[in-house]
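Q: Could you take me on a close look at the empty spaces inside this protein? I would like to know what lines them and which parts of the chain meet there.

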Amino acid sequence: MRMVVLGATGSVGQSAYSVFEQHADRVAVDGLVARQDAERLWEMGIRMGARWIALTDADAARRLSQKVAGKPGPEILGGWSETLDAVRGADATHVLAAMSGFAGLAPTMAALERGMTVMLANKETLVAAGDLVTRTADRAGARIIPVDSEHSAIFQCLGSGEPFRRIILTCSGGPFRGRTRNELQHVTVEEALKHPNWSMGPKITIDSATLMNKGLEVIEAHHLFRVSYDVIDVVVHPQSVIHSMVEFVDGATMAQCGFPDMRVPVQVAMSWPERWPLDVPAFLWPGQQLEFAEPDLDTFRLLALARQAGEQGGLYPTVLNAANEVAVQAFLERRISFLDIAQTVEDTLADYAGVGTMASLDDVLEADRWGRQRVAARIGTSAKGPK
Ligand code: MG
């Protein structure tokens, strides 16, 4: 396989780098994309033998070009339009979509339009524009393979596509599992950034603390596996050993388990339908206690709100995602409290009267812009998502 990595310097991109180092004979790299971490991207480009690297921050690309002028290495591209052109023109079979947030939508769409297999780690893409993304994939005959650990688990359990009656997404419960709303009033950014089981970027880590991450994953599962919301359940499982389950029509239930290590779902997407070796240690089962519980939807309202927005359909999930991205960024900047994140998203959705259908990318961009501006006006922050 020959790939492009979107979000190469982020957490999932680094897992892909680690997989590449173990399988350089099976994986070739055409291009790498990052926002602004120029030196690391240049280093990775050389180590992975990339033909080109692209920084969506054009200034970062310019500075890097000056710095490495005359040195052998990949071609350096800068800015969004050059990046999108590079993805469209890539000599690649696969694209790993691992950018954070709504920003990942345009390059992912570009890859799907070209019929490339998209290994999808960027759940916001499917939340904000699920109908459009799946339509585009179908039209181009492009395949989407999930990288999100829960959806990778379901993908692996489904195997040859036997009929099932329920998808059960597991949820660690995040760092604040078991706390009451009252106890969450004054939690700090540092506390929210401490995830018990997974090491991830800041946006998804905050989403895991609010359980919005699981809400986004419910919407993601709806689009990926083309099922109605009433067959998607969420169960809290604090140990994150079972990554998710599928209950087939005869009641037989398959679970995919193992150490919580993002290299596994990344490599599964890269190797599918094969399996390659990986240096993840064997899981030691004796002595393990695995627990399961209902999620607390009163304390972690975003999980319920996300499901509701998904069921409403149209552009509600787009607005949900936009409001959440801006609210999470405002929390990270200490402009709003932890509980304000859910309140902001709830108020924004309540104000939304667009209802409209998702006919084109313009509809998605418009609803996204509306959501961002609404939140920015409400809390006086910039309408950008987390970096
Ligand atoms: Mg996940």
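A: Happy to; here is a walk through the cavities, then a pocket, with a short view of the whole protein to begin. Please keep in mind that this is a predicted model.

The protein has 15 helices and 11 strands. Its C-alpha trace spans about 60 × 50 × 40 Å along the principal axes. For 387 residues, a compact globule would have a radius of gyration near 21 Å, and the 20 Å found here agrees with that. Buried residues make up 56% of the 387 residues. Among contacts with a separation of 6 or more, 69% are between residues 24 or more positions apart.

Now to the inside. The structure holds 2 cavities of 30 Å³ or more. The largest cavity has a volume of about 70 Å³. Its lining consists of Arg181, Leu184, Thr210, Thr299, Phe300, Arg301, Leu302, Phe338, Leu339 and Ala342. Helix H12 (301-312) and helix H14 (338-351) each supply at least two of the lining residues, and H14 gives the most, with 3. By class, this lining has 6 nonpolar, 2 polar and 2 charged residues. Domain 2 (148-259 + 284-300) and domain 3 (314-387) each contribute at least three residues to the lining of the largest cavity.

The second largest cavity holds about 50 Å³ of space. Around it you will find Ser149, Ser152, Gln156, Trp198, His243, Gln256, Phe259, Asp261, Val264 and Pro265. Two or more of these residues come from each of H7 and helix H11 (263-271), with H7 giving the most, 3 residues. The lining of the second largest cavity has 4 nonpolar, 5 polar and 1 charged residues.

Helix H7 (149-158) turns up again at the second largest pocket, where it supplies at least two lining residues, as do helix H6 (123-140), strand E7 (144-146) and helix H10 (212-225). This pocket has a volume of about 310 Å³. It is lined by 16 residues, and Arg143, Ile144, Phe155, Leu224 and Phe225 lie nearest its centre. The pocket lining divides into 10 nonpolar, 4 polar and 2 charged residues. Domain 1 (2-146) and domain 2 (148-259 + 284-300) each give at least three residues to the lining of this pocket.

Put side by side, domain 2 helps to line the second largest pocket along with domain 1, and the largest cavity along with domain 3.

Definitions and conventions
Residues are numbered from 1 along each chain as its sequence is written. This is a predicted model: local features need pLDDT of at least 70, side-chain atom pairs count only at pLDDT 80 or more; totals for chains, interfaces and linings use all residues. Side-chain values use heavy atoms; hydrogens and water are left out. On a 1 Å grid over the protein atoms alone, a cavity is a set of points where a 1.4 Å probe fits but cannot get out, and a pocket is an open set with protein on both sides within 12 Å along at least five of seven lines; lining residues have an atom within 4 Å of a point. Grid points are joined across faces, edges and corners, and a volume is the space filled by probe spheres set on the points. Helices (H or I, at least four residues) and strands (E, at least two) are DSSP runs, numbered from the N terminus. Ala, Val, Leu, Ile, Met, Phe, Trp, Tyr, Cys and Pro count as nonpolar, Asp, Glu, Lys and Arg as charged, and the others, Gly among them, as polar. Domain bounds come from an automatic or database domain assignment. The radius of gyration is taken over C-alpha atoms; the globule rule is 2.2 Å times the number of residues to the power 0.38. Buried means under 20% relative accessible area, exposed over 50%, partly exposed in between (1.4 Å probe, protein chains only). Contact means heavy atoms within 4.5 Å.
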